[in-house]
Amino acid sequence: MSLCEQKPMIKGEDLSALRALSENCSAELLKADSHVQTGPGQQGPGECKTLYFVRHGRSIGNELDIMGGWTDVPLSPSGLAELAEFKEKVRYPQADCLYHSGLKRAKDTLNFLYPGMLEKAREDWRFSESFFGILEGKNLESDFLDRFFRNFYHNMPQGYGEETFADSSRRVAEASLEVVDRLIDEKLSSALIFCHYGCIKAALRAFSALPLDELLNVHIPNGSLWKFDFEPKGHLWACTEIYQLEAQHFEPINPEPDPDGKLRLA
């Protein structure tokens, strides 16, 4: 059982927008009524494309407990030490291409886990953390943060110049589908994306059927790895499987349906 339905989705008013986006990005890639011929060096229409999302290691911002957002802070010494421990225990996957958000903490993580590959990676700001406007870089009281993020995840603008969760979900979905397009066009299989808590949360919102109240309880630790598989569904490429691979153990967490029919993370 997967965390995904058969098509990408942002719930509510954003569903039609993402469907339109999917069609714009992918409608011409596979035609449901056409025969796709394959030969040497070509991929069949049923081959899976995989996006790996890696959350950056612990940063200075995490240590100071500030609103990180687009504030450009590096990894902390303890974050580097933690990644070194992960690297001893975990075989992070190889991929055909790499991406990062452009923020230092994401680039530091890529460079540490894949030495010498930073210069070969592509930068895409759309894989950045959510933007928090004038709250960026501030250390805020827990009561305020609880109220802020409750409104943020329910797409209620709060006047701080921040983007909404729908905003970040839309840009992450758009960027992700463009990477899938690249994998198809260049006959590649997988991409690694070094990004942020909010980016992975947005990807889960865009490509899974997990209800919002359950999505908010999903834990995304520093250094964790998330695997999104895309396959052709008719004339579109849709996300069909999502797995969380814990950095400490590198084991898939398999979601199972509850008696009420809802999907939960184990």
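How many helices and strands make up the secondary structure of the protein? In this predicted model, the secondary structure comes to eight helices and eight strands. Of the 266 residues in the protein, 52% are buried. Contacts between residues at least 6 apart in sequence were also examined, and 71% of them join residues at least 24 apart.

Helix H6 covers residues 165–185. At 1.5 Å a residue, its 21 residues should span 30 Å, and the end C-alpha atoms are 30 Å apart, so the expected and modelled values agree. Because 16 of the 21 residues of H6 are buried, the helix is largely enclosed by the rest of the structure. H6 is followed by lysine 187, a residue of the loop between H6 and strand E4 (190–195). The phi of lysine 187 is positive, near 55°, in a residue other than glycine. With a relative accessible area of 38%, lysine 187 is partly exposed. A positive phi is also found at asparagine 155, where the value is near 60°. Asparagine 155 is placed in the loop between H5 and H6, and its relative accessibility of 29% means that it counts as partly exposed. Most residues other than glycine have a negative phi.

The largest nonpolar core contains 44 residues, among which Leu51, Phe53 and Phe228 touch the most other members. H6 provides the largest share of this core, with nine residues. A second, separate core has 17 residues, including Tyr52, Ala106, Leu110 and Tyr114. In soluble globular proteins, nonpolar side chains tend to be buried together. When residues up to four places away in sequence are not counted, phenylalanine 228 touches Lys49, Thr50, Leu51, Phe53, Ala203, Leu204, Phe207, Cys239, Glu241 and Ile242. Two of the residues touched by phenylalanine 228, Leu51 and Phe53, are themselves named with Phe228 as touching the most other members of the largest core.

Histidine 56 is located in the loop between strand E1 (49–55) and H2. Its relative accessibility is 3%, and histidine 56 therefore counts as buried, the limit being under 20%. Apart from neighbours within four places in sequence, histidine 56 is in contact with Asn62, Leu75, Arg105, Ala106, Thr109, Cys195, His196, Asn222 and Gly223. One of these residues, Thr109, is separated from histidine 56 by 53 residues in sequence, yet the C-alpha to C-alpha distance is 5.5 Å. Another contact of histidine 56 is Ala106, a member of the second core.

The largest pocket was characterised by its volume and its lining. Its volume is about 440 Å³. Rolling a probe the size of a water molecule over the atoms shows where empty space is left. The lining of the largest pocket consists of 24 residues, and those nearest its centre are Arg55, Asn62, Ile66, Gly68 and Glu129. Asn62 is also in contact with histidine 56. By residue class, the lining divides into ten nonpolar, eight polar and six charged residues. Helix H2 (60–64), helix H5 (142–153) and helix H7 (197–207) each supply at least two residues of this lining. H5 gives the most to the lining, with four residues.

Conventions: Residues are numbered from 1 along each chain as its sequence is written. This is a predicted model: local features need pLDDT of at least 70, side-chain atom pairs count only at pLDDT 80 or more; totals for chains, interfaces and linings use all residues. Side-chain values use heavy atoms; hydrogens and water are left out. The expected span of a helix is 1.5 Å times one less than its number of residues. Buried means under 20% relative accessible area, exposed over 50%, partly exposed in between (1.4 Å probe, protein chains only). A nonpolar core is a set of buried Ala, Val, Leu, Ile, Met, Phe, Trp, Tyr and Cys residues joined through side-chain atoms within 4.5 Å. Contact means heavy atoms within 4.5 Å. On a 1 Å grid over the protein atoms alone, a cavity is a set of points where a 1.4 Å probe fits but cannot get out, and a pocket is an open set with protein on both sides within 12 Å along at least five of seven lines; lining residues have an atom within 4 Å of a point. Grid points are joined across faces, edges and corners, and a volume is the space filled by probe spheres set on the points. Ala, Val, Leu, Ile, Met, Phe, Trp, Tyr, Cys and Pro count as nonpolar, Asp, Glu, Lys and Arg as charged, and the others, Gly among them, as polar.
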